[in-house]
Every structure is written in C-alpha cells, then in structure tokens.
Amino acid sequence: MSTFKPIDLSGLNDDLEASNSIRAQIAEACDKNGFFQVINHGVPVEDTEKLREVSHKFFDLSEEEKLACPRKPEVGRLGYGRHMTCTDSEFQHWREVVEIQTLPLSGREYEYWPQQPADLGEAVEKYTAAVLDLAHRLLAVISENLGLKPAYLRDALGYPNIQQTITFQFYPPCPEPEKTLGMQPHSDIGGITIVMQEAEGLQVFDELNDTWELVPHYPNAFVVNIADQTEIITNGRYKSSNHRVIANSERTRRSYVTHYHPGLDHKVFPAPELVDAKVGPRYREFLYKEYLQAMRVGRVLEKRLLQSFAINNSVIS
Ligand SMILES: O=C(O)CCC(=O)C(=O)O
Ligand SMILES: [Fe+2]
C-alpha cells in the first residue's frame, strides 16, 4: 500500500464506523512519520484556486516589481526573498518565496505583503482562515487518538494566541539539479503544517530504510505534517520528520505552506498525560520564543533543534 494514499475526511462526522476508520488512518500515519495527505478536507476549492492564481500572478511579475515587496530585514523572513545557491555548499536552496504572517491579527504586517496583484491579500485571508479551521479539526482528531480531550493540542499550542504564516514557494527549473536542492532537509519547527503542492518534489526521510520517500501529488489534496512542538507536547510519541524538496531541471514547482506555531510567549511542555511517571518528561518546558532564538543562532540543518530541548540533552530517536 502506498504510504501516502490520501485520507478522505468527508466521513469524519458521519457514523461511528466511517469516522473511526478515518481516525485510525490518521493515527497510523502519525505513528509512522507524522506525514499524511487529506482529501475532501473542507477548504473550498474556490479558495485554493484563487490562492494559486494570485501566487502565479505574483511570480510572473518582473524582477523589479517582485523586489518592490521587501523582505523584513531584522528577521530575514516575511515578504519576498530569493534563495538560490547552486553549489556544493551545505546551505542548498533553489527557490523564491513570499512569506506572509496572518496570525496573530496584530502581527499582520501589511507592508511585507505583496501589493500586486491587488486581490492577493483577500485571497490569503480567505484561504488561511479555512486552513486554520482544518488545522483545528486535525488537531482534535490527533488529540483524541492520544486519549486527550479534542481541544488539548490546540490549547497546548497556545490557541487563540498562536502564529500562522503562509509561504508561497516557487522552485524554478535549476540548470544543475544534482548540485543543489529546492529546500534543504529540515523538520518544521511549529505545531502542524499544511501544504498544497502543485507538483511532486517533496520528500520525507524514512528513518527505517535510511532513504528519501517521494510524497506523490494528488489534485485537491493537502499534505499534513506533525511539526516539532507537537512532537514535544506528545513527549516524543508523534515525530516531526525531516523533509526536503529536490530541484528539477525541467519544470517549475510551486507549493503553499501554512505553518501553525505557538505564540512567542507561550509555554510549551510535554502533556503530563503522556509522560511516564517513572521516566519523566523527555523535554524541558520553554517559551516558544526561546525555540525561535535557538533556531536563528544554530542555523540547524538535519540535526534536530528539538534535541537541544531534551532533558539531559539525551538524543531521542
Ligand atoms: O515545498 C514544499 O512542498 C515543502 C516546503 C517546506 O517543507 C516548508 O516550507 O517547510
Ligand atoms: Fe517544511
């Protein structure tokens, strides 16, 4: 069986049998590597199409027009950026990005949102609101699969004081794809990530077989993955897997990545319900801004940032 056969969410609120089968499929994926795909996810197709349309229009602009959308200097992200290093250096990227912060509402820095096309802002607001709702439905299922109350993970990630960002990823054809990557290997640092991809290229590291596994592209599907904070809150039960994007010499690949993060001052710690009383928690408690700070300082690649938040700095496999 393909490990990425999409999970059809349409029966989630139907009879017990349908709903239990969907929950079991999500539990299986979370136990394996925390990556799965969903279809009939409830995000309206007009919102997904509109988002793609405004992103295509943005990346079709001239160099000069794109650069009119600035990159926020002090954080090195938000706004429009280019990461093109086709070398043997360890920091390999072949992509352009637009990163937009959509939550908290007070953090919507519209000066870093593209002004062109004019309907981009509205498309982003609609799409990310629908994806937020999907994130909450998935977090509820994942919580219940662990024997926790439905709102557990959402609350433990700090809702309503969370951060949400959306990144338009644009991977142009690369003349020497063997020398670089679209995006270097990493695990996502937030709580849960929801990706719409327009073509294949995303790969997940398969720890068991020591290989990279391609995530197939299905129309109207989303790729969902567990990120670091959920690994910590579940005390290591559900893993945040390393993934990367390969470069391609023939075609452009686009994806739309929505990250759901705790708020900066939110305290993250393993759920007491999931901590073995004899062994104790595997991670220390911290404020999410400490995690972001550690990421900025460490320029972490495959080495997992969350290992530095493990108690006794023990390496957790
Ligand atoms: O482009 C993709 O499919 C995934 C990008 C990604 O992993 C990320 O933005 O964190
Ligand atoms: Fe990622």
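How do the residues of the shell around ligand 1 divide into nonpolar, polar and charged? The solution to Exercise 1 has the answer; first, some ground rules. This is a predicted model, in which local features need pLDDT of at least 70 and side-chain atom pairs count only at pLDDT 80 or more, while totals for chains, interfaces and linings use all residues. Residues are numbered from 1 along each chain as its sequence is written, chains are lettered from A and ligands numbered from 1 in the order in which they are written, and side-chain values use heavy atoms, with hydrogens and water left out.

**Exercise 1. Describe the surroundings of ligand 1.**

Step 1: sort the shell. It divides into six nonpolar, five polar and two charged residues. Here Ala, Val, Leu, Ile, Met, Phe, Trp, Tyr, Cys and Pro count as nonpolar, Asp, Glu, Lys and Arg as charged, and the others, Gly among them, as polar.

Step 2: pick out the nearest neighbours. Q169, Y171, H243, R253 and S255 come nearest among the 13 residues around ligand 1; a residue is near a molecule or strand if one of its heavy atoms lies within 4 Å of it.

Step 3: look for polar contacts, meaning pairs of N or O atoms within 3.5 Å; within protein, one must be able to donate a hydrogen and the other to accept it, and residues adjacent in sequence count only if both atoms are side-chain atoms. The side chain of S255 has an N or O atom 2.7 Å from an oxygen atom of ligand 1. For Q169, the distance from a side-chain N or O atom to an oxygen atom of the ligand is 2.9 Å. D188 places a polar side-chain atom 3.1 Å from an oxygen atom of ligand 1.

Step 4: check the cover. On its own, ligand 1 has 290 Å² of accessible area, and the protein covers 96% of it. Accessible areas come from the Shrake-Rupley method with a 1.4 Å probe; for residues, only the protein chains shown count as cover.

Step 5: trace the shell to its strands. At least two shell residues come from each of strand 6 (162-171), strand 7 (181-186), strand 12 (243-246) and strand 13 (253-262). Strand 13 gives the most, with four residues. Helices (H or I, at least four residues) and strands (E, at least two) are DSSP runs, numbered from the N terminus.

**Exercise 2. Work out how the iron ion is held.**

Step 1: find the donors, which are N, O and S atoms within 2.8 Å of the metal (3.2 Å for Na, K and Ca); water is not among the atoms, so sites may look incomplete. H186 (NE2), D188 (OD) and H243 (NE2) coordinate the iron ion (ligand 2) at 2.1 Å.

Step 2: read the spacing. In sequence, the donor residues run H-x1-D-x54-H.

Step 3: ask about burial. Buried means under 20% relative accessible area, exposed over 50%, and partly exposed in between (1.4 Å probe, protein chains only). H186 and D188 are both buried.

**Exercise 3. Place three buried residues in the fold.**

Step 1: start with M183, in strand 7. Its C-alpha atom is 5.4 Å from that of R244, although the two residues are 61 apart along the chain. M183 counts as buried because its relative accessibility is 12%.

Step 2: turn to T165, in strand 6. T165 is buried, at 2% relative accessibility.

Step 3: finish with S240, in the loop between helix 6 (228-233) and strand 12. S240 is buried at 1%, and its side chain makes a polar contact of 2.7 Å with the side chain of D228.

**Exercise 4. Find the unusual backbone angles.**

Step 1: recall the background. Most residues other than glycine have a negative phi, and most peptide bonds are trans.

Step 2: list cis bonds. One joins L103 and P104, with omega about 5 degrees, and another joins Q116 and P117, with omega about -10 degrees. P104 lies in the loop between strand 5 (93-103) and helix 4 (120-145), and P117 is also placed in the loop between strand 5 and helix 4.

Step 3: list positive phi values. N40 has phi near 50 degrees and sits in the loop between strand 2 (35-39) and helix 2 (45-59). L78 has a phi of about 70 degrees and belongs to strand 4 (residues 77-85).

Step 4: compare exposure. N40 is partly exposed at 48%, whereas L78 is buried at 4%.
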